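Dear colleague,

I am handing over the structure below, and I would be grateful if you could look through it alongside the notes that follow.

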Amino acid sequence: MNDAQDRHLMLDLLPHFNNDGISSDADRTDGDFTGHGNTYPEEDLPESDSVLECEGVVFRFPDKGNGLNNNISLEGQRIGVPENRYDSLFFLGASSGYSVEETIRLGYADGRYEDAFLGLSSWRLCHNLKYGEQVAVKCSGYHFPSQHVYTERIDVDYGIWMQHIPIGNDSHLTHIEFPDNPDLHIFAITLRGLPGSNSEREAV
């Protein structure tokens, strides 16, 4: 494991999950990612509670079990983080509708705030991600309550993307404030501490 991975802190988002966006092939009616009954296929996703690595960044992937919320649909949440100095925020997420641009606020121990741009492409735009994301998970299609819809024939790929936000303030970060835009969904967040900071592998 390299030094950058040693400085990764995987946040526990379970208390903030408010949407079930995943269903199994055995029960495609479980969950609703889009508001129209569409969901990610469980079979195409990493194992529940496993560590997923994308471009050297590690994330804790949520539990995919039936009836469980597994992502945050953004509704103005404020999420606390272990107070520390960080240089980067990494997100696993996607938009359930069109690609979306928003501003998040980073709050610091000294009372200052920093606005940061968060752009997440639509979950169906694997070939044309708009905001420089990386493909973290590529799916064979999506679930609708009546069927598994394979999309390769129409040259579309569904998936979950990794987005990176650099942190330009070297003060101690204490929390993240999200906008109210339910089309934006976050499955996992990892922070990277500055070199020499006392980051732990996982915040619980």
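**What was found**

Gly80 is found in strand S7 (strands being DSSP runs of E, at least two residues long, which like helices, runs of H or I of at least four residues, are numbered from the N terminus). Please bear in mind that this is a predicted model, in which local features need pLDDT of at least 70 and side-chain atom pairs count only at pLDDT 80 or more, while totals for chains, interfaces and linings use all residues. Residues are numbered from 1 along each chain as its sequence is written, and side-chain values use heavy atoms, with hydrogens and water left out.

Gly80 is exposed, at a relative accessible area of 53%, where exposed means over 50%, buried under 20% and partly exposed in between, with a 1.4 Å probe and protein chains only. Leaving aside neighbours within four places in sequence, Gly80 is in contact (heavy atoms within 4.5 Å) with Thr174 and His175.

Turning to the interior, the largest nonpolar core (buried Ala, Val, Leu, Ile, Met, Phe, Trp, Tyr and Cys residues joined through side-chain atoms within 4.5 Å) has 27 residues, of which Leu89, Phe91, Ile104 and Leu106 touch the most other members. At least two residues of this core come from each of several strands, among them strand S6 (72-75), strand S8 (86-95) and strand S16 (180-193). Apart from this core lies another, of 26 residues, including Phe61 and Trp161. In soluble globular proteins, nonpolar side chains tend to be buried together.

As for charged pairs, a search of the whole structure finds eight salt bridges, a salt bridge being a side-chain nitrogen of Lys or Arg within 4 Å of a carboxyl oxygen of Asp or Glu. In one of them the side chains of Arg192 and Asp87 meet at 2.9 Å, N to O, and this pair links distant parts of the chain, with Arg192 in strand S16 and Asp87 in strand S8, 105 residues apart. Both Arg192 and Asp87 are buried.

Asp157 forms a salt bridge with Lys138, with the closest N and O atoms 3.5 Å apart. Because Asp157 lies in the loop between strand S13 (147-150) and strand S14 (158-166), and Lys138 in strand S11 (residues 134-139), the pair ties together parts 19 residues apart in sequence. Asp157 is buried, at 6% relative accessible area, whereas Lys138, at 49%, counts as partly exposed. Finally, salt bridges that share partners join Arg78, Arg105, Asp115 and Glu177 into one network.

With kind regards
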